[in-house]
Amino acid sequence: FTMPELLAINLGIIYAAAFVAPVLVRALGDRGGWLLSLAPFSALIGFLTLSGQIAGGGVIDFQAQWFTALEASFDLRLDGLSLMMSVLICLIGGFITIYASGDLHGHPQLGRFYLYLLAFMGSMVGLVLSDNLILMFIFWEGTSITSYLLIGFNHEEKSARWKSLQALLVTGLGAMAMLAGFILIGMVTGSYKFSEINGMGDLLQASPW
């Protein structure tokens, strides 16, 4: 694989594990958590494999056409900051995946928990890798929805339901304001790519918007 392809594969591995989690846990029980932890740890190794080019001051870009009418291309960029955050997410997430197999031992909905957890991990990694404002918004909403599901995992408890709804309202309303800001930035600069907008500070500051 090329470096840009490996960047996208690292993200895909985590999401793939999320979707197979319920079936895997149903088949293997608690041991499924140890197997699922290989996904974030594999992504971690993948990011560390790419770190050599980043350490030399380079960046790695992955680009794929998506909703071209909305200029929402699937653009990922790995630089020093996004590498550090991705490594932290995968490292901590991998250990949480293992810990959950013991903490939720015998829980009837363990597979569903892993689905939410790994999807949350994937959304966080996608968020820090996004080089497109619209794509970043989509991953942001992914973290909002999955955090809502994780906080309300024990939905039989009234307090869990209320806390999860409270979190969704706060993040959801904030996301609407953020999306409005992104659209204004795109209208002023003519681009939704972070790497292009970063050099347009004077243009943004001069705009009445």
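Phe74 is a good place to start in this predicted model: its relative accessible area is 22%, which makes the residue partly exposed. Phe74 takes part in an edge-to-face aromatic pair with Phe139, with 6.4 Å from centre to centre and 70° between the planes. Since Phe74 sits in strand 2 and Phe139 in helix 6 (residues 133-151), this pair ties together parts of the chain that are 65 residues apart in sequence. Phe139 is buried, at 7% relative accessible area.

**The aromatic cluster**

The structure holds four aromatic pairs. In one of them, the ring centres of Phe62 and Phe74 are 6.4 Å apart and the planes meet at 85°, so this pair is edge-to-face. It joins strand 1 (residues 60-67), home of Phe62, to strand 2 (residues 72-78), home of Phe74, across twelve residues. Phe62 counts as buried, with 17% relative accessibility. Taken together, ring pairs link Phe62, Phe74 and Phe139 into a cluster.

**Helix 6**

Let's follow Phe139 into its helix. Helix 6 has 19 residues and spans 27 Å from its first C-alpha to its last, close to the 27 Å expected at 1.5 Å a residue. Buried residues of helix 6 include Leu133, Ile134, Met136, Phe137, Phe139, Gly142 and Thr146. At the start of the helix, a side-chain oxygen of Asn132 comes to within 2.9 Å of the backbone nitrogen of Ile134.

**Salt bridges**

Which residues carry the charged contacts? The structure holds three salt bridges, and here they are with the distance between the closest N and O atoms.

| Salt bridge | Closest N and O atoms |
|---|---|
| Arg77 and Asp61 | 2.7 Å |
| Asp75 and Lys193 | 3.4 Å |
| Asp131 and Lys193 | 3.2 Å |

Arg77 lies in strand 2 and Asp61 in strand 1, so their salt bridge ties together parts 16 residues apart in sequence. Arg77 is partly exposed at 23% relative accessible area, and Asp61 is partly exposed too, at 28%.

Lys193 appears in two rows of the table, with Asp75 and with Asp131. Its bridge to Asp75 links strand 2 to the loop between helix 7 (158-189) and helix 8 (194-197), 118 residues apart. Asp75 is buried at 3% relative accessibility, and Lys193 is buried at 14%. Asp131 lies in the loop between helix 5 (110-129) and helix 6, so its bridge to Lys193 ties together parts 62 residues apart in sequence. Asp131 is also buried, at 3% relative accessibility. Through shared partners, salt bridges join Asp75, Asp131 and Lys193 into one network.

Methods. Residues are numbered from 1 along each chain as its sequence is written. This is a predicted model: local features need pLDDT of at least 70, side-chain atom pairs count only at pLDDT 80 or more; totals for chains, interfaces and linings use all residues. Side-chain values use heavy atoms; hydrogens and water are left out. Rings of Phe, Tyr and Trp (its six-membered ring) pair if their centres lie within 6.5 Å; planes under 30 degrees apart count as stacked, over 60 as edge-to-face and the rest as tilted. Helices (H or I, at least four residues) and strands (E, at least two) are DSSP runs, numbered from the N terminus. Buried means under 20% relative accessible area, exposed over 50%, partly exposed in between (1.4 Å probe, protein chains only). The expected span of a helix is 1.5 Å times one less than its number of residues. A polar contact is a pair of N or O atoms within 3.5 Å; within protein, one must be able to donate a hydrogen and the other to accept it, and residues adjacent in sequence count only if both atoms are side-chain atoms. A salt bridge is a side-chain nitrogen of Lys or Arg within 4 Å of a carboxyl oxygen of Asp or Glu.
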